[in-house]
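The exercises below are meant to be worked with the structure open, and each is followed by a solution that goes step by step.

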Amino acid sequence: QGVVYHNTSGRIIAANPAAARLLGLSLNEMLNRTSMDPRWRAIDEKGAPLPGRMHPSMTALNTGQAVRNVVIGILNSSSNTYRWVNVDAVPQFIPGQKKPYQVYTTLEDITERKRADEAILKRLAHESLVSHLSAAAASARDLGTFQETCTAAMGKAMRVNRACLFEFHSETNTMNNTREWCAEGVEPCRDSLQEISIHKAPWWTDTLRNGQPICFDKCEDIPDKATREQCLQRKILSILAVPLFVNDAYYGFIEFSELTSPRKWPREDVVLLVSLSRIMAGVIERLQAEAALRASEMQYRLLADNTLDAIWTMDLDLVFTYINPACCAMTGHTQQEWIGSPLQEHCDTDNFNTMAQFIANTVANGPAEQGVVFEAEMLKKDGTPFPVEIHGNVICDRAGVPTGLQGVMRDISER
C-alpha cells in the first residue's frame, strides 16, 4: 500500500517506496510535487480529467474532513499507463489547532480489480447488444431500417468514433458506404465514400473476400501501401473490419474506425463483430428469400389468373382455399362462393367418394407421390353435371408432412 504525506501547501513531504512504484517515480521525483502539478494527469472513474483542487488530499486539507474510498486514475510515469487507485486522505492536527498541518494519504492499487470489473461490464454489454440485435433481426421487415438500427447500435455499444456498412457491387467492382453512424463531434463521410473501385486497394478486398478480418491498432502498421494511404487519407488512426457474406457470396463489410486516438482491438471485439455480421447476413438472406418468394407468387398468380384451366388448392379437410377465375367461369360460382366451401358441395356422392379415395392415396404417399390424374364429374352452380380431368398433387412442408392439395381441372365435355 502506498503512503504519501502532504504539507499545508499541498506539497509531498514524504512517501514510501510502494507509492513511488505505483506512480512510476523515484522518491526524489515525488518530493515537493503538488496536486496541482499537471503531470499527474489524474482522471475520475468515468475517465474525465480530475483537477488538482479536487484530489482527495486537497479536499481533506481544505475541509479538515477525512476523505475515504475515492477511486481515481493516475498516470504511471514509467509505463505511461494509468493505474487505478482507491484513495483515503486523512487530515492530521496539532493538538489545539483547528487546521490540519498535514494530510496522510494511502493509495491502494485496484487496477486489476477495476479491469476485471470492466471486463464483466463489457461482456454484459456485448451480450445485451447481441440479444437486442437478434430480437430486431427476428422482427425485421425492411432491410434499410434494420441496417440503420444495427449500425447505430453497434457504434454506440462499442463506443467507436464511426461505424459503417459497405456493400459490394459486382457488376461495377465498386464499394458503397450505404450505412453510417458517427459519434458526437465526428464528421460523417458517407457521401464521399461512394462508387469506390476495389482496384484502388485490392489487398483490402482480397483479405475480406477470403473471410479474414482486418484489425489494426495503428493504421500506419497496415502492410499494404494503398490501403494504408486510404486509411490515413480518411484520418483513421485505428480500424477494424469484418467481411459480410450472404448466401456464401461476398456482400461487403462492417467497419469500425477511430479518429481521435489509437485504440486497441481485443479479440472479444473482433469475435463480437463477426457474430453481428452473421446476424445481419441472416436478415439479408431471409428478406431476399421473402422478396423472391413474393415475386414468384405474383408470377404464379398472374399465370393462374390468365389460364383457361381451373386451378385450385384445398386443405386436408377438402375445403377450397384458392381458385382462379377460370374455375368461376367453368362452374358459375363466384370466387367468394368457392373459397371456404367443401368439395362435396361441388359434386354428387359417388364422384365425391371417388375423388376422396384418390386424395387419400395421394396424401398417404406424401412427398414420394408424383401426382395423380383421373376423371370425374363436377356440378355447375345450377346443378348441371359436367365431366372434368383432374391433375392433383399433395403439398408438403419442409419436413415432408402433407399440409394441403393443389390441382388443375379441365372441362372435357367436348372430348
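The model is predicted. In it, ring pairs link Phe-166, Trp-204 and Phe-253 into a cluster.

**Exercise 1.** Determine how the aromatic pair formed by Trp-204 and Phe-253 is classed, and state whether its two residues are buried or exposed.

Solution. Begin with the search of the whole structure, which finds eight aromatic pairs. For Trp-204 and Phe-253, the distance from centre to centre is 5.3 Å and the angle between the planes is 70 degrees. Planes over 60 degrees apart count as edge-to-face, and the pair of Trp-204 and Phe-253 is therefore placed in that class. Next, locate the two partners along the chain: Trp-204 belongs to helix H6 (residues 202-209) and Phe-253 to strand S11 (residues 249-258), so that the pair links distant parts of the chain, 49 residues apart. Finally, both Trp-204 and Phe-253 are buried.

**Exercise 2.** Classify the ring pair of Tyr-5 and Tyr-104, and work out which accessibility class applies to Tyr-5 and to Tyr-104.

Solution. The ring centres of Tyr-5 and Tyr-104 lie 5.3 Å apart with their planes at 55 degrees, so this pair is tilted. It joins strand S1, which holds Tyr-5, to strand S5, which holds Tyr-104, across 99 residues of the chain. For the accessibility, recall that buried means under 20% and exposed over 50%. With 26% relative accessibility, Tyr-5 therefore counts as partly exposed, and Tyr-104, whose relative accessible area is 27%, is likewise partly exposed.

**Exercise 3.** Describe which strands S1 pairs with, and how they run.

Solution. Take S5 as one partner: six bridges join S1 to S5, and the two strands run antiparallel. Within this pairing, Asn-7 stands opposite Gln-102 in S5. Turn then to strand S2 (residues 12-15), which runs antiparallel to S1 and is joined to it by three bridges; here Tyr-5 stands opposite Ala-14. S1 and S2 form a hairpin with four residues between them, and Gly-10 in the turn has a positive phi of about 85 degrees.

**Exercise 4.** How many cavities of 30 Å³ or more are there, and what kinds of residue line the largest cavity and the second largest cavity?

Solution. The count comes to two cavities of 30 Å³ or more. The largest cavity holds about 210 Å³ of space, and among its 15 lining residues His-6, His-55, Ser-57, Ile-74 and Leu-107 lie nearest its centre. Two or more residues of this lining come from each of strand S1 (2-7), helix H3 (56-63), strand S3 (67-76) and strand S5 (102-109). By kind, the lining of the largest cavity divides into nine nonpolar and six polar residues, with no charged ones.

The second largest cavity holds about 160 Å³, and of the 17 residues that line it, Trp-312, Met-314, Ile-359, Phe-374 and Ile-390 are the closest to its centre. The elements that each supply at least two of its lining residues include helix H11 (349-365) and strand S14 (372-379). In this second lining, 13 residues are nonpolar, four are polar and none is charged.

**Exercise 5.** Which ring does the charged end of Arg-33 sit over, and which ring does that of Lys-380 sit over?

Solution. For Arg-33, the charged end sits over the ring of Trp-40, 4.8 Å from its centre. For Lys-380, the ring beneath the charged end is that of Phe-386, with a distance of 4.4 Å from the ring centre.

Definitions and conventions:
Residues are numbered from 1 along each chain as its sequence is written. This is a predicted model: local features need pLDDT of at least 70, side-chain atom pairs count only at pLDDT 80 or more; totals for chains, interfaces and linings use all residues. Side-chain values use heavy atoms; hydrogens and water are left out. On a 1 Å grid over the protein atoms alone, a cavity is a set of points where a 1.4 Å probe fits but cannot get out, and a pocket is an open set with protein on both sides within 12 Å along at least five of seven lines; lining residues have an atom within 4 Å of a point. Grid points are joined across faces, edges and corners, and a volume is the space filled by probe spheres set on the points. Ala, Val, Leu, Ile, Met, Phe, Trp, Tyr, Cys and Pro count as nonpolar, Asp, Glu, Lys and Arg as charged, and the others, Gly among them, as polar. Rings of Phe, Tyr and Trp (its six-membered ring) pair if their centres lie within 6.5 Å; planes under 30 degrees apart count as stacked, over 60 as edge-to-face and the rest as tilted. Buried means under 20% relative accessible area, exposed over 50%, partly exposed in between (1.4 Å probe, protein chains only). A charge sits over a ring if NZ of Lys or CZ of Arg is within 6 Å of the ring centre and within 35 degrees of the ring normal. Two strands pair if DSSP finds at least two bridges between them.
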